[in-house]
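Trainee: I am new to this structure and should like a close look at one part of it. Could you take me through a single region, residue by residue, and show how its neighbours are arranged?

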Amino acid sequence: MTTTKRSPFFLLLVLFVTLLSRGAEAWYPAMEELLYGVAYYDEYMPVERLQTDSRMMKEAGINVVRIAESTWGTLEPSDGKFDFSHVDRVLEVMHKVGIKVIVGTPTYAIPTWMARQYPDILAVTPSGQRSYGARQNMDITHPDFRRHAERVIRQLIGHVKDHPAVIGFQVDNETKHYGTSGANVQKAFVTHMRGKYPSLEVMNHELGLDYWSNRINSWEDFPSVNGSINASLNGEFSRFQRGLVTEYLAWQAGLVNEYKRPDQFVMQNFDFEWRGYSYGIQPDVDHFAAARAMDIAGVDIYHPGQDDLTGTEISFGGDMARSMKDGQNYLVVETEAQGFPQWTPYPGQLRLQAFSHVASGANMVAYWPWHSIHNAIETYWKGLLSHDFKPNPTYNEAKTIGADFKRIGDKLVNLKKNHQVAILFSNDALTGFNSFSFGWDATENYNDILRPFYDALYRLNVGVDFVDPSSKNIEQYKLLVVPVLYAASDELLQRLNDYVAKGGRIVYTFKSGFANENDKVRVVQQPGLINQVVGVQYSQFVLPNKVSLAGDPYQVGDDNNSVSHWMELLTPTTAEVLARYEHPVWGQYAAITRNQFGRGSATYIGFMPGTELIEKIMLQALEEAKLMGPDQQLHFPLIVKSGVNQRGRIVHYYFNYSADAHTFSYPHAGGVELLSARPIKSGSTVTLTGWDFKIIEEATVKQ
């Protein structure tokens with residue numbers, strides 16, 4: 001356990017965010033209807049379109065637009081001179097036709113005059129200073145940036161707050177720390193460290209700074225972290241940078257809260273690790289902490305399309321967004337309509353995607369953008385309309401979504417979930433694991449471990465929430481999946497031990513419990529403080545070469561039975577061996593174990609399994625936790641989602657993520673298939689054609 005204290009910066013940050021979020025936690029904007037929207041940029045238009053666009057939106061069932069978040073240079077063309085004409089135009093026309101508006105603060109892209117007047121506003125990163133041109137290139141802590149950002153926020157929000165079309169506000173856009181690490185940020189970090197650690201001696205010891213003469217003997221000698229080779233110090237700095245994002249967004253939310261009406265909300269459109277689409281945990285934002293200052297969580301979710309459409313990213317992003325606010329519904333602020341050429345949807349896929357968002361608990365689905373952009377970097381990222389502004393197959397399909405949202409949306413909005421399985425993620429573990437991965441030349445990161453476990457549960461039709469070390473509700477779940485918890489405090493590990501002792505089921509992967517929250521490897525036999533609970537120990541690990549599981553214990557076949565990336569040489573103490581390695585030397589060691597501890601049990605996986613093997617391991621854990629039900633009789637590409645609607649009735653969604661037709665027997669209580677308005681009985685045969693879906697509302701109210 002580290003002997004550290006909280007810095008004044010940290011304590012002020014916690015107080016600031018708590019005060020700002022207190023009202024948000026107490027009030028949640030339940031929606032009267034599903035919101036169906038687009039991002040709209042009147043200032044981008046090459047020709048006059050506003051009246052025509054608003055008419056086409058109404059015809060498509062669009063009932064909300066998001067504006068202004070990228071228009072600082074248009075709102076404030078020169079220092080202190082404001083022009084709201086393009087905002088006013090849109091507000092008036094949208095209000096006239098009955099379309100609601102969400103207004104964004106325009107702070108994620110600075111105007112040219114600011115870059116000229118204050119060149120040091122451009123962020124200094126480990127790669128040098130950013131150049132003007134790209135968005136999100138500024139230092140969000142810079143006092144001149146903050147001063148001008150506050151002014152434009154106050155001017156804009158004060159100008160629009162009373163307009164009857166405005167239902168809410170977005171603060172900034174896909175905010176991250178942007179790698180900002182210039183002299184001012186380094187100075188603030190030193191102040192933070194002086195407050196956190198009682199002495200340099202303690203800090204040097206806890207972070208292992210004697211290595212390679214990195215020891216800091218005077219606070220004045222504290223070097224820039226940009227060149228550090230010390231994972232512990234880098235972890236501290238990454239945590240500090242994420243804190244900058246939390247404070248920045250809370251600061252913006254606080255400004256907007258001074259102006260907004262009681263019936264208006266504040267949100268942020270959080271994004272995810274980007275791999276050409278939304279993939280995993282965002283390493284540069286503490287989502288749970290940053291969301292506390294928001295009335296409602298918003299997310300941007302982009303995903304593969306056409307033959308690669310699986311719905312996994314839609315589900316992952318939705319589960320994360322819902323978990324950010326303790327199960328509250330959320331807004332999909334951006335998702336693709338056409339997007340990249342490889343995403344242009346097949347017939348039926350736009351509908352499938354939209355209702356997939358709603359099935360995970362979204363109260364809004366909004367496309368980025370309404371119209372395709374005619375110049376600049378996103379020219380070939382197409383909107384709902386193509387460059388010719390004419391109706392197209394995607395727009396025509398959107399019209400059917402809008403009509404269905406209006407017709408049955410009251411039965412789908414405000415859907416509530418009650419999941420029994422959660423995945424524990426940790427930004428500290430992410431940073432620590434990414435510092436080392438599987439070795440010096442390895443390219444895999446934290447999300448390469450977490451996503452396969454989430455994906456397996458998704459394919460098995462298991463509803464999932466996310467929790468992190470700050471979550472107060474961990475104990476409510478029957479099964480916790482804990483991928484690569486590399487860095488964790490003694491307190492967190494003891495909490496997980498207690499969870500198992502009191503009857504919880506947990507699945508750990510390799511490298512869990514290995515280091516403390518400062519990435520300092522524990523000096524006890526691994527896996528550290530959890531070894532009694534998992535009933536195994538090890539002191540050696542190797543990279544697998546031609547290794548499989550002996551006897552194919554999960555019956556996945558030779559092609560799927562291999563051991564990859566990493567393998568810990570596990571010796572059971574009290575655990576039951578579920579699988580051993582097949583290898584002439586390493587065959588004496590366990591690969592997967594299960595241990596009874598108290599009233600619960602812990603499964604430990606000492607290597608990285610493949611897709612089929614992860615599914616079988618998860619099935620075994622689900623069976624032990626008594627969480628197998630009728631939904632698990634179906635498997636991807638048939639995906640099942642459910643929840644309780646505001647009428648108190650269970651709603652079941654059935655999605656077919658393939659081009660082939662599939663038939664199954666409906667296993668739940670009878671009710672009505674909402675899209676066709678036809679009654680359905682338990683045991684009825686259901687057929688889904690390619691990229692098809694059905695929505696069934698049970699007839700009786702859930703007790």
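Mentor: Thr-105 has a relative accessibility of 0%, and since buried means under 20%, this residue counts as buried. The model is a predicted one. Thr-105 is placed in the loop that runs between strand E3 (100-104) and helix H5 (112-117). Its side chain reaches the backbone nitrogen of Asp-172, at 2.7 Å. Asp-172 is also among the residues that Thr-105 touches once those up to four places away in sequence are set aside; the others are Glu-69, Ile-153, Ile-157, Gln-170, Val-171, Gln-252 and Val-256.

Two of these partners lead to the helix on which the rest of this account turns. Gln-252 and Val-256, which Thr-105 touches, fall within helix H9, residues 231-257.

Consider next how H9 meets helix H7, which comprises residues 183-196. The two axes come within 11 Å and cross at roughly 110°. Angles from 65 to 115 degrees count as roughly perpendicular, and H7 and H9 are therefore described in that way. On the H7 side, the contact is made by Val-185, Gln-186, Ala-188, Phe-189, His-192, Met-193 and Lys-196. On the H9 side, Leu-233, Glu-236, Phe-237, Arg-239, Phe-240 and Leu-244 take part. Sorted by class, this contact has 8 nonpolar, 2 polar and 3 charged residues.

H9 also packs against helix H14 (residues 427-436), with the axes 10 Å apart and an angle of about 140°. An angle over 145 degrees would count as roughly antiparallel; this one does not reach that value, and H9 and H14 are therefore oblique to each other. The crossing of H9 past H14 is right-handed. Here Ala-231, Gly-235, Ser-238, Arg-239 and Arg-242 of H9 meet Asn-427, Asp-428, Thr-431, Ser-435 and Phe-436 of H14. By class, the contact of H9 with H14 has 2 nonpolar, 5 polar and 3 charged residues. Arg-239 deserves a second glance: this residue is listed in the contact with H14 and also in the contact with H7.

One residue of H9 may now be examined singly. Arg-242 has its place in this helix. Its relative accessible area is 4%, and Arg-242 is therefore classed as buried. With residues up to four places away in sequence left out, Arg-242 touches His-177, Pro-283, Asp-284, Val-285, Asp-286, Asn-427, Asp-428 and Thr-431. Among these, Asn-427, Asp-428 and Thr-431 are residues of H14 that take part in its meeting with H9. The run Pro-283, Asp-284, Val-285 and Asp-286 supplies further partners of Arg-242.

Finally, a distance relates Arg-242 to the strand with which this account began. Val-101 falls within strand E3, whose residues are 100-104. Val-101 and Arg-242 are 141 residues apart along the chain, and their C-alpha atoms are separated by 30 Å. H9 thus links the pieces of this picture: Thr-105 touches its residues Gln-252 and Val-256, Arg-242 belongs to it, and helices H7 and H14 cross or pack against it.

Note on methods
Residues numbered from 1 in each chain as written. Predicted model: local features only at pLDDT ≥ 70, side-chain atom pairs only at ≥ 80, totals over all residues. Heavy atoms only, no water. Axes fitted to C-alpha atoms, helices over the stretch in contact; angles between N-to-C directions. Helix = DSSP H or I, 4+ residues; strand = E, 2+ residues; numbered from the N terminus. Parallel < 35°, antiparallel > 145°, perpendicular 65-115°, else oblique. Left-handed = near helix turned anticlockwise from the far one by under 90°. Contact = heavy atoms within 4.5 Å. Nonpolar A, V, L, I, M, F, W, Y, C, P; charged D, E, K, R; others polar. Buried < 20%, exposed > 50% of the residue type's maximum accessible area, 1.4 Å probe, protein only. Polar contact = N/O pair within 3.5 Å; in protein donor to acceptor, adjacent residues only side chain to side chain.
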